[in-house]
Structures are given as structure tokens and as C-alpha cells.
Amino acid sequence: MQASHPAIVETRKVAVDCCFSGCAAAFIAYHPQPTTTEDLEYRMRPLIAAAAILIAAVASQACGESDADKILALSGNSANGGTVYTAQCAVCHMADGTGNADANYPSLVEHAMHESDMDIVEVILEGEGAMPEFRSKLSDQEIADLLAYIRATFG
Ligand code: HEC
């Protein structure tokens, strides 16, 4: 079992916390309580329920399949990934993947093999340190292709 990057662990933790608070809010709103029609609480209940549904909807989004899961479910094309790599990644990690130690661009040859597929996909999606995010620049399929290329070429 490979260790996940701290930022990824943090993201998952937030999703779980978020899920929990959404479910808790929904439970509190729907939990039957003795009350009369005169109660302010009784009249407020539809409002509370609506708010809870909203929170639960947002929470379930956070609990749902992450982008990384969707990308990992795709089958990557290594040849297409090579084209994307040359266009987007080689400027820093070099065409042969050895990086640029002077500029602190890590070698993928030495590092990628120690990382899980999930970690690699998350780094590409979110960026890290001096590495920009590619979520807004690449499609899910392009990132799946990149992963296939990195695995086939750099280990
Ligand atoms: C502007 C330079 C730059 C570009 C462009 C870039 N990276 Fe990076 N990359 C970095 C830096 C810097 C790090 C180290 C980040 C850190 O740990 O602080 C890194 C880390 C990584 C890592 C993790 C390696 C490790 O040792 O933890 C992977 C995998 C990676 N990059 C893949 C890619 C891919 C694939 C692309 C193209 C889509 C890409 N990078 C584009 C600079 C870049």
C-alpha cells in the first residue's frame, strides 16, 4: 500500500467531514420531535428541511466519485499521452523525464514509479508547488493518456 500525498489525504478528509455534516443536518431536520402546530419550530420545519436537502446535495457531491476516480476508470492511450507530454510537461520534466535539478523540477524517472496512479493523477489535476494545475487545460482522457505514457515510459 503506497502512502498518499498529504494534500490528497486532506482533500479526502474534507469530503468525508462534509458528507458527515450533510447527513447530520438532514437527520436533525427530519428527526421527529414532539411539537404543536403553534410552535415556531413546526412552522420553520419546511425551511430547515429545505436547507438540509441543500447541504446534503452539496455534501453528496463532495462524497461522490472524484475526478481522479473517473480518470483512473478510463483506458489511457500511451501514444496520445506522449504527444500531450511533449506539449505540456517536457518543458519542465524534460523529454526523457529526468527533470531539471537546478530548477527543482523533479525527475519522473526516479519518482513516478514510487507514486500510485491516484497520486500522479491528483498532481496533474491540482498542481503542486511550482507545478501548475492542468485541470483547466487537459481533458480527463488526456490525463488518462498521460498516465499511460508515464507508466510505459518512466516506470
Ligand atoms: C512549470 C513546470 C512544470 C510543468 C509544466 C509540469 N510540472 Fe510536474 N512538477 C513540477 C514541479 C516543480 C514538481 C514538484 C512539485 C512539488 O513537489 O513541490 C512537479 C511534480 C510532478 C510529479 C510528482 C513527482 C514527484 O516526484 O512527486 C508528477 C508525476 C508530475 N509533476 C507530472 C507532470 C506532468 C504529467 C506534467 C504535464 C501535464 C507536468 N508535470 C508539468 C513542475 C512542472
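A helix here means a DSSP run of H or I at least four residues long, numbered from the N terminus. With that settled, select Leu 147: this residue is found in helix H8. One thing to keep in mind as you click around is that the model is predicted.

**Zoom out first**

Colour the protein chain by secondary structure. You'll find eight helices and zero strands, so to speak an α-α-α-α-α-α-α-α string when read from the N terminus on. The chain has 155 residues, and buried ones make up 18% of them. Switch on a contact map if your viewer has one: of the contacts between residues at least 6 apart in sequence, 69% join residues at least 24 apart.

**Back to Leu 147**

Is Leu 147 buried or exposed? Buried, because 22 C-beta neighbours sit inside 10 Å and the cut-off for buried is 20 or more. Now show what Leu 147 touches, skipping residues up to four places away in sequence: you should get Gly 76, Asp 117, Ile 120 and Val 121. Then draw a distance from the C-alpha of Leu 147 to that of Gly 81; the two are 66 residues apart along the chain, yet the separation reads 7.3 Å.

**Walk along H8**

Select 140-154, which is H8. This helix has 15 residues and runs 21 Å from its first C-alpha to its last, close to the 21 Å expected at 1.5 Å a residue. Its buried residues are Glu 142, Ile 143, Ala 144, Asp 145, Leu 146, Leu 147, Ala 148, Tyr 149 and Ile 150. What covers them? Among the elements doing so are H3, H4, H6 and H7. Just past the helix comes Gly 155, with a positive phi near 100°.

**The nonpolar core**

Next, pick Val 121, Ile 143, Leu 146, Leu 147 and Ile 150 and show them as sticks. In the largest nonpolar core, which has 16 residues, these five touch the most other members. Helix H3 (67-73), helix H4 (78-88), H7 and H8 each put in at least two residues. Which helix gives the most to this core? That's H8, with seven residues.

Stay on Ile 143 for a moment. Ignoring neighbours within four places in sequence, Ile 143 is in contact with Ile 71, Val 121, Ile 124, Leu 125, Phe 134 and Leu 138.

**H4, from both sides**

Select 78-88 and look down the axis of H4. Gly 81, Val 84 and Tyr 85 are the buried ones. They fall within an arc of 105°, so they line one face of the helix. Spin the view: on the face turned away from that buried side are the exposed residues Ala 79, Thr 86 and Ala 87. Bring in H5 and H8 as well, since both are included in what covers the buried residues of H4.

**H7**

Move to 117-126, helix H7. Colour Ile 120, Val 121, Glu 122 and Ile 124, the buried residues of this helix. Val 121 should look familiar from the core, and also from the contacts of Leu 147. Gly 127 follows H7, and its phi is positive, near 75°.

**Around the ligand**

Now centre on the ligand and display its shell. How many residues surround the ligand? The count is 21, and the closest are Cys 89, Cys 92, His 111, Gly 129 and Met 131. Colour the shell by chemistry and you get 15 nonpolar residues, five polar and one charged. Helix H5 (90-93), helix H6 (108-111) and helix H7 (117-126) each supply at least two of the shell residues.

**Last stop: Thr 98 and Glu 110**

Finish with a pair. Thr 98 is in the loop between H5 and H6, while Glu 110 lies in helix H6. Draw the C-alpha distance: they're twelve residues apart along the chain and separated by 7.7 Å. Leaving out residues up to four places away in sequence, Thr 98 touches Ser 107 and Val 109.

Why does Thr 98 count as partly exposed? Because 15 other C-beta atoms lie within 10 Å, between the exposed limit of 12 or fewer and the buried limit of 20 or more. Glu 110 also counts as partly exposed, with 13 C-beta neighbours inside 10 Å. From Glu 110, one more line takes you to Gly 155: those C-alpha atoms are 45 residues apart along the chain and separated by 8.4 Å. Gly 155 is the glycine that follows H8, which brings you back to the helix where the tour began.

Note on methods. Residues are numbered from 1 along each chain as its sequence is written. This is a predicted model: local features need pLDDT of at least 70, side-chain atom pairs count only at pLDDT 80 or more; totals for chains, interfaces and linings use all residues. Two residues are in contact if their C-beta atoms, placed from the backbone, lie within 7 Å. A residue is near a molecule or strand if its C-beta atom, placed from the backbone, lies within 6 Å of it. Ala, Val, Leu, Ile, Met, Phe, Trp, Tyr, Cys and Pro count as nonpolar, Asp, Glu, Lys and Arg as charged, and the others, Gly among them, as polar. A nonpolar core is a set of buried Ala, Val, Leu, Ile, Met, Phe, Trp, Tyr and Cys residues joined through C-beta atoms within 7 Å. The arc is that of the directions from the helix axis to the C-beta atoms. The expected span of a helix is 1.5 Å times one less than its number of residues.
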